[in-house]
Each structure stands twice: as C-alpha cells, then as structure tokens.
Amino acid sequence: MGFIPGFPGAHSQAETLDELQSNLKEVIEMLLEDGEPQLESEFVGVQQIAVA
C-alpha cells in the first residue's frame, strides 16, 4: 500500500513496487484534472522496502 502525503485520500495498493508507483501516478493525474490540489504539507518522499 502506498499513499501521497499532503493529498487527502490519495492512496493505492498493488502487488509490485512498479505497479504501485504507476497507480499512484494515476491518482495524482486524477487529482490534477480536478484543478490545483490544496496540499496539506510540503513533503520530499519516503519509500519502504521489506526484505524477507
């Protein structure tokens, strides 16, 4: 599961990291289609990877 900090409700799930990144990109594109989103904060980025 991934989410975009600062964008309320912007989250997605996927089986792979590549698919998750693609899904989150689509979420951002949809938010931008509705106009300039009102961000709740400024954020650089975080990525977590679990190794078995």
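## Contacts and the nonpolar core

Two residues are in contact when heavy atoms of theirs lie within 4.5 Å. The structure described here is a predicted model. By that criterion, and with neighbours within four places in sequence left aside, I4 is in contact with A10, L24, V27 and I28.

I4 also belongs to the largest nonpolar core, which has six residues. Its members are I4, F7, A10, L20, L24 and V27. A10, L24 and V27 are thus listed both as contacts of I4 and as members of this core.

## Overall architecture

The protein chain contains one helix and two strands. From the N terminus on, these elements follow the order β-β-α. Strand β1 spans residues 2-3 and helix α1 spans residues 17-33, while strand β2 covers residues 11-12.

The protein chain has 52 residues, of which 21% count as buried. Among contacts between residues at least 6 apart in sequence, 34% join residues at least 24 apart.

## Strand β1 at G2

G2 lies in strand β1. This residue counts as buried because its relative accessibility is 8%, and the cut-off for burial is under 20%. Leaving aside neighbours within four places in sequence, G2 is in contact with H11, S12, L20 and L24.

G2 and N23 are 21 residues apart in sequence, and their C-alpha atoms are 9.2 Å apart in space. N23 itself lies in helix α1.

## The S12 and N23 pair

S12 is found in strand β2. Its relative accessibility is 13%, so S12 counts as buried. Apart from neighbours within four places in sequence, S12 is in contact with M1, G2, L20, N23 and L24. Two of these contacts, L20 and L24, are members of the largest nonpolar core.

N23, in helix α1, is buried because its relative accessible area is 18%. The side chains of S12 and N23 make a polar contact at 3.4 Å. In addition, a polar atom of the N23 side chain lies 2.9 Å from the backbone oxygen of Q13. Not counting residues up to four places away in sequence, N23 touches S12, Q13 and A14.

## K25 on the helix

Which class of accessibility applies to K25, buried or exposed? K25 is found in helix α1, and it counts as exposed because its relative accessibility is 53%. The cut-off for this class is over 50%. K25 and S12 are 13 residues apart in sequence and 9.9 Å apart in space, C-alpha to C-alpha.

## The largest pocket

The largest pocket has a volume of about 610 Å³. It is lined by 20 residues, and those closest to its centre are G2, F3, L20, V46 and Q47. Of these, G2 is also a residue of strand β1, and L20 is also a member of the largest nonpolar core.

Which element gives the most to the lining of this pocket? Helix α1 does, with five residues. Strand β1 and helix α1 each supply at least two residues of the lining. By residue type, the lining divides into 13 nonpolar residues, six polar residues and one charged residue.

Key:
Residues are numbered from 1 along each chain as its sequence is written. This is a predicted model: local features need pLDDT of at least 70, side-chain atom pairs count only at pLDDT 80 or more; totals for chains, interfaces and linings use all residues. Side-chain values use heavy atoms; hydrogens and water are left out. A nonpolar core is a set of buried Ala, Val, Leu, Ile, Met, Phe, Trp, Tyr and Cys residues joined through side-chain atoms within 4.5 Å. Buried means under 20% relative accessible area, exposed over 50%, partly exposed in between (1.4 Å probe, protein chains only). On a 1 Å grid over the protein atoms alone, a cavity is a set of points where a 1.4 Å probe fits but cannot get out, and a pocket is an open set with protein on both sides within 12 Å along at least five of seven lines; lining residues have an atom within 4 Å of a point. Grid points are joined across faces, edges and corners, and a volume is the space filled by probe spheres set on the points. Helices (H or I, at least four residues) and strands (E, at least two) are DSSP runs, numbered from the N terminus. Ala, Val, Leu, Ile, Met, Phe, Trp, Tyr, Cys and Pro count as nonpolar, Asp, Glu, Lys and Arg as charged, and the others, Gly among them, as polar. A polar contact is a pair of N or O atoms within 3.5 Å; within protein, one must be able to donate a hydrogen and the other to accept it, and residues adjacent in sequence count only if both atoms are side-chain atoms.
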